[in-house]
Amino acid sequence: MKDQNAIAMAAIYAFLAIAAAFFAIPLIIMLLTSFKTAEEVREGSIFFLPESWSLAAWGKAWGEACIGRVCEGIGGNFWNSVLITVLATSISLLLASLNGFALAQWRLRMSGPILGMLLIGAFIPYQIMIYPLVRLFATGGMHQTLGAIVTVHVLFGLPILTLIFRNFYIGLPEELIKAARVDGAGFFQIYGMIIVPMSVNVFLVAAILSITGVWNDYLLGLIFAGPNFQPMTVSLQNLVGTQMGLPEYNVNMAATILTALPPLAVYLLSGKYFVRGVTAGAVKG
Amino acid sequence: MRIRPQTLARLVLVPTILLTVIGVYGSILWTVNISFTSSGFLPTGKYVGLDRYYELWGQARWRVAYTNLFVFGGLYIFFCIGAGLLLAIALDQGVRGRSFFQTIFLYPIALSFIVTGLAWRWILNPTTGLEAYVRGLGYEGFSFGWLSDPDMAIFTLVIAGVWHSAGLMMVIIFAGLQSIDGEIWRAGRVDGISRFHMYRGVVLPMLFPVFVTCLVLLAMNVVRSYDLVVAMTGGGPGYSTDVPAKYIVDHLFDRANIGRASAGATMLLLTVMAIIALSTYLGRKETRR
Amino acid sequence: MKIAVTRLTAALLGSAIAVPALAEEVEVVHWLTAGAESAAIQVLVDGVEARGTTWIDLATPGGGSDARALFSSRLAGGDPVGALFMSIGPEAIELGEQGVVRDVEGFAQENDLIASVPDFALDIARGSDGELFALPVALETQNFMWYSLPAFEAAGIEPATTWQGLIDAAPALKEAGIIPLAMGAQGWQIDILFTAVIASVAGPEKYLAIYRDRDADAAASDDVLEAFRIMRALSELQDEGSSNRAWNDTLNLVAQDKAAVQVMGSWAGAELASMGETYGTDWGCALAGGGGAIVGSTGFAFPVLSENEGGQNDFILTLMDPAVQTAFSVQKGSIPARTDASTEGLSECAVVAAESVAAGNGMPNVSAVLNPDSRGQINDMMANFWSNPSMSPEDAAKTFASLIGG
């Protein structure tokens with residue numbers, strides 16, 4: 001019996017190790033490549049270690065690589081991305097948690113249909129909404145402003161975030177709200193004093209999903225952000241997508257990792273809480 | 001004057017409802033309307049009835065793209081949930097280093113599909129990636145050219161997609177497993193039911209709602225699958241890995257054919273609505289039983 | 001800095017408070033980005049700024065689709081850009097007929113800008129009432145064979161410049177570890193190869209009958225079938241990594257002598273030169289398969305503006321300045337659109353193309369005569385044929401004929 005268990009555990013570890021390799025290898029290759037020289041990338045296999053580790057590609061990607069006629073790397077748009085992500089995420093979280101609370105705990109007659117309406121919207125590929133939305137923003141005088149890009153992110157992020165909050169709040173005992181109301185607490189008081197403190201984990205999960213979603217967006221940034229608020233992903237695609245000159249894969253890879261670092265850092269730093277939040281019921285049926 | 005809490009609860013929904021009705025549903029109506037016109041570069045065409053739909057279905061490329069939605073979608077969802085489930089069960093056996101493994105499985109979800117596609121295109125490219133490497137090791141006969149084989153290229157998208165999303169499924173399913181009462185396990189042990197049979201017969205059926213959540217999250221990625229295809233195969237070889245979203249975007253801008261792009265978008269919308277209606281119906285039937 | 005702050009405030013207020021323009025400006029959408037093309041654009045930038053107009057660069061290095069997305073979203077937003085780069089053709093006419101881009105005929109005549117531009121390069125931009133909706137800066141040959149001399153040397157054979165020659169040379173090249181045909185299997189690149197094949201097999205007259213006049217009989221002729229047979233044979237000469245490979249990655253194979261031949265437009269020559277490769281020792285060029293030159297007319301269309309038209313006019317005057325056109329083509333490896341512009345400093349390959357055009361063997365490229373949608377459908381079909389060995393040349397020729405005739 002004991003032997004059998006040991007064999008089973010060994011098999012499980014082996015399976016996990018192989019899976020871990022499968023998941024880790026692409027990142028490792030990207031990292032290795034970014035430390036090579038352009039010459040080495042063209043000559044050698046992507047699986048080899050760099051002959052001499054060089055940080056040149058990283059510096060170039062951040063501040064010197066040419067995108068079009070401008071050779072300032074992709075670092076310049078870092079703060080645009082930060083601004084867009086922070087604004088879109090905070091607005092989405094506020095709206096989504098309020099919505100979730102309202103839909104879950106207030107026995108509104110239309111709550112089912114409203115949720116359904118929101119969720120169907122989440123299944124529409126947003127590519128097909130681009131053109132009409134542009135006209136809409138233009139009519140409102142908002143085309144290619146910070147307001148426009150933040151609004152579209154909120155619009156496309158809301159359905160799933162609302163669902164997450166609603167699913168968590170619906171599990172809270174009704175007595176909690178009832179008791180608070182007997183004590184004379186209003187809607188926002190209950191929300192601020194009871195609901196928010198109880199759902200920190202859910203906020204965290206929602207924030208992580210929202211941050212990665214907004215940060216990694218490309219198409220919306222290209223169309224709605226305009227030149228003044230162009231996010232980093234657009235510069236990345238412009239850099240990687242350039243069809244002229246010798247492709248510098250090491251610089252491309254460094255730029256790719258630089259662009260991916262913020263959401264990656266968010267996951268690595270808060271991964272434990274993310275898992276905890278999901279376990280607490282943030283994402284469930 | 002104090003506003004009643006119920007009224008406030010309704011009021012906080014107003015911005016979201018307005019935004020969705022105008023932004024999403026307004027845009028959908030506009031798109032459906034344009035799909036009945038002859039619009040080219042600009043949405044200014046005359047009404048031509050269902051012509052654009054006949055054109056659309058007359059095109060081999062659209063039919064391939066539409067079929068791929070189901071091929072890619074089905075495989076992607078199946079393998080994401082399958083891999084997520086296996087990983088979650090493995091981690092549920094009290095292994096050491098659990099959060100280490102979880103972090104590794106989960107990090108790809110932080111990367112965009114563009115990055116995912118670029119990385120995997122590199123690895124699977126026969127001349128620069130895996131195939132060349134293994135041949136370089138001396139296994140000259142080794143061949144892994146799926147990326148350039150029109151029949152197999154769609155599966156490379158599945159590999160990259162699963163790599164990206166399986167970790168999230170693992171976390172969600174793992175959370176589901178953790179929420180299962182220890183009593184159930186104890187009862188199973190007392191009855192002498194093997195772990196395998198416990199999972200198959202008792203635990204997994206209990207996780208049904210969790211799988212629905214996974215399905216919803218993944219299905220959203222499938223319908224919106226654009227970035228991954230563009231970054232990885234560009235829809236090729238030929239148009240063998242084309243998907244509706246890419247067909248639509250190509251025709252919206254590159255092909256200057258807003259009319260047919262809108263017809264494609266409308267077809268996609270109808271498909272999504274049909275699937276939602278079907279699953280709601282099946283779901284009801286399930287609960288009634 | 002102050003302007004940035006004003007813009008930020010305006011943006012935050014979510015309103016379209018126009019920042020007062022200090023001088024005339026022109027916003028230019030193009031995708032001539034890195035390398036030699038960038039140098040060519042710089043010639044235009046310098047010219048425009050010398051006239052006191054500020055150039056606002058709206059480059060989309062991702063290419064034409066991004067540029068169109070940007071252009072039409074700005075248009076839908078009621079704030080059109082000043083100039084749109086394009087390969088001139090039906091697209092310009094469609095935009096013109098919709099009243100979106102300017103008829104520049106009057107302005108061009110007044111300033112004597114187009115007298116020496118070949119008729120065909122203007123005809124492809126004319127509306128039904130003779131309006132002129134775009135102006136060309138350069139003519140670009142798209143059917144060059146770029147070959148690596150060291151690659152052929154390594155195989156011990158002479159450079160092959162005919163299709164059959166290349167097919168025959170393939171075994172020797174493969175023997176020497178060289179890819180006979182460097183190919184980036186994307187729709188547009190495959191179509192470039194196909195038009196090169198059909199131009200050499202069928203000749204200029206039939207080429208025009210097929211693409212310009214969309215003559216169903218010409219499209220169903222044996223020459224087309226022959227062209228597809230050659231395509232099938234050529235498709236077996238590529239390497240495994242061709243799928244979805246960008247053209248510059250592909251050209252790199254020729255530059256590194258890993259591949260023998262690539263069929264690509266004149267822009268490739270400029271790239272080879274900027275990679276530090278020397279014409280005559282590292283590489284050579286020839287019109288592909290010995291056909292006439294297929295030329296695209298590269299230029300700009302000019303959206304109707306409510307303000308800043310002065311900046312747009314400065315741009316047009318610069319664009320059509322003969323000295324600017326020569327300097328542009330020297331950088332880009334093309335031919336100036338104005339025949340009275342100097343040909344000094346043009347590349348050897350550009351001279352070959354210019355001679356072919358002068359001898360009356362020039363043909364307009366596909367984007368000059370077919371609308372983007374028809375072109376796109378042909379690209380799709382071509383890409384499918386190329387990557388799918390089970391599709392026979394006979395079937396492909398039949399589909400092609402129906403796409404042309406239909």
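Here are four short exercises on the structure above, each with a worked solution.

This is a predicted model, in which local features need pLDDT of at least 70 and side-chain atom pairs count only at pLDDT 80 or more, while totals for chains, interfaces and linings use all residues. Residues are numbered from 1 along each chain as its sequence is written, and chains are lettered from A and ligands numbered from 1 in the order in which they are written.

**Exercise 1.** Find how many helices and strands chain A and chain B have.

*Solution.* Start with the rule: helices (H or I, at least four residues) and strands (E, at least two) are DSSP runs, numbered from the N terminus. In chain A this gives 13 helices and zero strands. Chain B, in turn, has 14 helices and zero strands.

**Exercise 2.** Work out what box the C-alpha atoms of each of these two chains fill, and what percentage of residues is buried.

*Solution.* Take the boxes along the principal axes. For chain A the box is roughly 75 × 75 × 30 Å; for chain B it is roughly 80 × 75 × 40 Å. Next, burial: a residue is buried if 20 or more other C-beta atoms lie within 10 Å of its own, exposed if 12 or fewer, and partly exposed in between, with C-beta atoms placed from the backbone. Of the 285 residues in chain A, 55% are buried. Of the 289 residues of chain B, 50% are buried.

**Exercise 3.** Describe the side of chain A that touches chain B.

*Solution.* First, count contacts (C-beta atoms, placed from the backbone, within 7 Å). By that rule, 62 residues of chain A are in contact with 74 residues of chain B. Second, look for the elements: those giving two or more residues to this side of chain A include helix 1 (2–34), helix 7 (146–169) and helix 13 (249–279). Helix 13 of chain A gives the most, with 12 residues. Third, sort the residues of this side: 46 are nonpolar, 13 polar and three charged. Here Ala, Val, Leu, Ile, Met, Phe, Trp, Tyr, Cys and Pro count as nonpolar, Asp, Glu, Lys and Arg as charged, and the others, Gly among them, as polar.

**Exercise 4.** Locate the largest nonpolar core and look around C:Phe300.

*Solution.* A nonpolar core is a set of buried Ala, Val, Leu, Ile, Met, Phe, Trp, Tyr and Cys residues joined through C-beta atoms within 7 Å. The largest one has 311 residues, and those with the most contacts inside it include A:Ile149, C:Trp146 and C:Phe300. Now zoom in: leaving out residues up to four places away in sequence, C:Phe300 touches C:Ala83, C:Leu84, C:Phe85, C:Met86, C:Ala134, C:Leu135 and C:Leu319.

Technical notes
Contact = placed C-beta atoms within 7 Å.
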